[in-house]
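Dear colleague,

Please find the structure below, handed over for you to look through at your own pace. My notes on what was found in it come after.

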Amino acid sequence: MEKKQLKEMSVQEYLDKYMLSRKIEEAVNAAVRAKTPDPVLFISNHMKKAIPSVITKIKARQILDSRGIPTVEVDLYTNKGVFHASVPSGDPAGMYEAVELRDGDKGTYLGNSVTKAVKNINEKISEALIGRDPTQQYEIDQAMKDLDTTEKKGELGANAILAVSIAVCRAGAAEKEVPLYKHIADLAGKTNLILPVPAFTVLSGGKHAGNNLAIQEIMILPIGASKFEEALKMGSETFHHLKAVITEKHGAHDCNFGEDGGFAPNISSFKEALDLVEEAINRGGYNERIKIAIDVAATNFCMGTKYDLDFKAPNKSVQNFKSGKDMIDMYKELCADYPIVSIEDPFDREDWDHTKHFSSLGICQVVGGDLLMSNKKRIERAIDEFTCNALLLKVNQIGTVTEAIEVVKLAKDAQWAVVASHRCGETDDTFLADLSVGLSTCQIKAGAPCRGERLAKYNQLLRIEEELGDQAIYAGEDWRAAC
């Protein structure tokens, strides 16, 4: 038998608590006044609106992410419906992000199972939340944090807490009868809704691909589009032009994909990679309307105080080490030769000095991903020290919707840009798209314009833009605005 999670009410106690007798009478009277042809349906809908929504059941399960690695999915029930959420997962990044709880049993999914996190939802979290109002996002998120008691959510698991937090957010939107992005905007106290500029991954390297390219991603930003729908078209066309360019220069066998959906030709030179992308942009006729961003993920090839750009090369005889100053000189040259407007993690996550110096040059947007890990304390330090000028928001590094809203406000108050970001292990959940619009991040990084788990986010943005109609605003040239 399943463990009882609340003392069961008698029918009479339930009727008395929610004053149902009076509400039923009001519903019948309303149906009479409306002269409805279907009074039963009318009364049913009227009663749904009359009774406040409460969480009645939470059920979690283990599913697989886009890499075939386990992650958490939740079904949250209220008296208004069932609301689903699944959380992404990333590469373990260390001590600064919330804990992604995994079982560690090497005999099952190579130690990556999340059955402990699932059990925590089905037992501890469920028991604490049943009967609560899903519109009270802050109180529910705080209750889960209090239930965990650890600073980094290591007891229940950030993957468990976040899955429930997102499902609650969806249930709250349904209770208010507003779109999810509007509910998120309300929670954040925002009135403006902005469609973000997408940073489409087109070339993959680093730990996300099996080639010799040291940098993790090269992305394109269609800032010259007039609306998101056009931006998606520009990204898709450029992506297919890039496939043709790679095929012509390297053969069809080099059109393999990395984890985020970008092409992964067997190249190692930064300039060769950027030349391929620039040619694809030009073939589409978008050379003035699409800019380039790169995610260096330099922590992956930092050796002490040096950076090994050939860290993936097989049978290398000489290591291509560069100092922090050498890296700055290289970035300056690349930004001068190519339309690069944004660089993410140009240095190791503990190399604050070189990141600060590079940011001070004002050459491009400098995004803190591994540097910040969406960690409030590190964001505050970076703001105080003028270390970078943009936040990469990965919600699963924080663990709740409320905390995501808080760090975005922190960044925007400092006049930083914000990039809402996916993870390498994704699901088909579209929450990131609604979050980006609701918080007006103005930039979203969700991978390549291919693969279902990436396109789920981009296609959701199409739907949101269509729903907003004449009220839809695409960030475009204001892609860095702290709006």
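I begin with the lining of the largest cavity, which by class is made up of 6 nonpolar, 5 polar and 5 charged residues. Please keep in mind throughout that this is a predicted model, and that the values below are computed from it.

The search that led to this cavity covered the whole structure and found 2 cavities of 30 Å³ or more. The largest has a volume of about 160 Å³, and among the 16 residues that line it, P88, I166, E426, F431 and L432 are the closest to its centre. Two elements, helix 6 (158–176) and helix 14 (431–438), each give two or more residues to that lining. Where does the largest cavity lie with respect to domain 2 and domain 3? Because domain 2 (55–177) and domain 3 (188–478) both contribute residues to the lining, the largest cavity lies between them.

The second largest cavity holds about 90 Å³ of space. Its lining consists of 14 residues, with M219, S342, E344, V367 and V419 nearest the centre. The elements that give two or more residues here are strand 5 (217–221), strand 6 (291–295), strand 10 (340–344), strand 11 (365–368) and strand 14 (442–447), and the largest share, 3 residues, comes from strand 10. When the lining of the second largest cavity is divided by class, 9 of its residues are nonpolar, 3 are polar and 2 are charged.

Apart from the cavities, you may wish to look at an open sheet of 3 strands, which are arranged in the order 7-8-9 with antiparallel pairing. Strand 7 (302–303) and strand 9 (321–322) stand at the edges and have a single partner strand each, so one side of each is left without a neighbour in the sheet. Strand 8 (residues 306–308) pairs with strand 9 in the antiparallel sense over 2 bridges, and Y307 has K322, in strand 9, as its bridge partner.

A last detail concerns T36, which is placed in the loop between helix 2 (20–34) and helix 3 (39–50). What does the side chain of T36 reach at 3.2 Å? At that distance lies the backbone nitrogen of D38, while, if residues up to four places away in sequence are not counted, T36 touches A31 and F42.

With best regards

Conventions
Residues numbered from 1 in each chain as written. Predicted model: local features only at pLDDT ≥ 70, side-chain atom pairs only at ≥ 80, totals over all residues. Heavy atoms only, no water. 1 Å grid on protein atoms, 1.4 Å probe; cavity = no way out; pocket = protein on both sides within 12 Å on 5 of 7 lines; lining within 4 Å. Points joined across faces, edges and corners; volume = space filled by probe spheres on them. Helix = DSSP H or I, 4+ residues; strand = E, 2+ residues; numbered from the N terminus. Nonpolar A, V, L, I, M, F, W, Y, C, P; charged D, E, K, R; others polar. Domains from an automatic or database assignment. Pairing = 2+ DSSP bridges. Polar contact = N/O pair within 3.5 Å; in protein donor to acceptor, adjacent residues only side chain to side chain. Contact = heavy atoms within 4.5 Å.
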